[in-house]
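The following paragraphs lead the reader through one protein structure, beginning with a single residue and widening to the whole chain. Please keep the sequence and the model in view while reading.

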Amino acid sequence: ASWRQNLTAEDPYIYHYTFGVEYSVDGVPVVGAVGEWSLDKRHYFGALPPKQLAPPPHCALECAWVWWRAFNEATQQLGEAYGGRFGGGTSDWGGGGGGGGGG
């Protein structure tokens, strides 16, 4: 969904991570499908996100940057305690990418 993309302007009290954040490589929001750049909790059922996710497209809206930064900061802070089976990165899902490893 494309709502709640600009956190500074909307100033939510709580930002619940319900919907995936989907973009084309050109930074166009993708609604109703998996984007070429995708950060969605559903990608990681049974596997952890990689330690360093690839950044969103430069012109992506604020929420993409907030979630990307939060994921990367959390995995960095966990250090060696963060390990196990890793899933795909943010650029492995849309456009026929399939969901392999990497960022």
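The model discussed here is a predicted one. A convenient point of entry is Glu73, which lies in helix α2, the element spanning residues 62-78. Is Glu73 buried, exposed or partly exposed? Its relative accessibility is 45%, and therefore Glu73 counts as partly exposed. Between Glu73 and Gln52 there are 8.8 Å from C-alpha to C-alpha, although the two are 21 residues apart in sequence.

Helix α2 also leads to the interior of the protein. The largest nonpolar core comprises 13 residues, and Val21, Tyr23, Trp37, Leu39, Leu53 and Ala64 are those with the most contacts inside it. Two or more residues of this core come from each of β1 (21-23), β2 (37-39) and α2. Which element gives the most to this core? It is α2, with 5 residues.

Trp37 illustrates how distant parts of the sequence meet. With neighbours within four places in sequence left aside, Trp37 is in contact with Val21, Glu22 and Tyr23, with Ala54, Pro55, Pro56 and Pro57, and also with Ala64, Trp68 and Thr90.

Aromatic rings deserve separate attention. A pair of such rings is described by the distance of the centres and the angle of the planes. The structure holds 3 aromatic pairs. In the one formed by Tyr82 and Phe86, the ring centres are 5.6 Å apart and the planes stand at 50°, so this pair is tilted; an angle over 60 degrees would be needed for edge-to-face, and one under 30 degrees for stacked. Tyr82 counts as buried because its relative accessibility is 10%, whereas Phe86, at 36%, counts as partly exposed.

Charged groups form the next topic. Side chains of opposite charge can pair when their charged atoms come close. How many salt bridges does a search of the whole structure find? The search finds 1. Arg42 forms a salt bridge with Asp40, and their closest N and O atoms are 2.8 Å apart. Arg42 has a relative accessibility of 40% and so counts as partly exposed, while Asp40, at 10%, counts as buried.

The overall arrangement may now be considered. The protein has 2 helices and 2 strands, which run α-β-β-α from the N terminus on. Of its 103 residues, 38% are buried. Among contacts between residues at least 6 apart in sequence, 51% join residues at least 24 apart. The accessible surface comes to about 6000 Å², and carbon and sulfur atoms account for 57% of that surface.

Technical notes. Residues numbered from 1 in each chain as written. Predicted model: local features only at pLDDT ≥ 70, side-chain atom pairs only at ≥ 80, totals over all residues. Heavy atoms only, no water. Helix = DSSP H or I, 4+ residues; strand = E, 2+ residues; numbered from the N terminus. Buried < 20%, exposed > 50% of the residue type's maximum accessible area, 1.4 Å probe, protein only. Core = buried A, V, L, I, M, F, W, Y, C linked by side-chain atoms within 4.5 Å. Contact = heavy atoms within 4.5 Å. Phe/Tyr/Trp six-rings, centres within 6.5 Å; stacked < 30°, edge-to-face > 60°. Salt bridge = Lys/Arg side-chain N within 4 Å of Asp/Glu carboxyl O. Areas by Shrake-Rupley, 256 points an atom, 1.4 Å probe, with all protein chains shown as cover.
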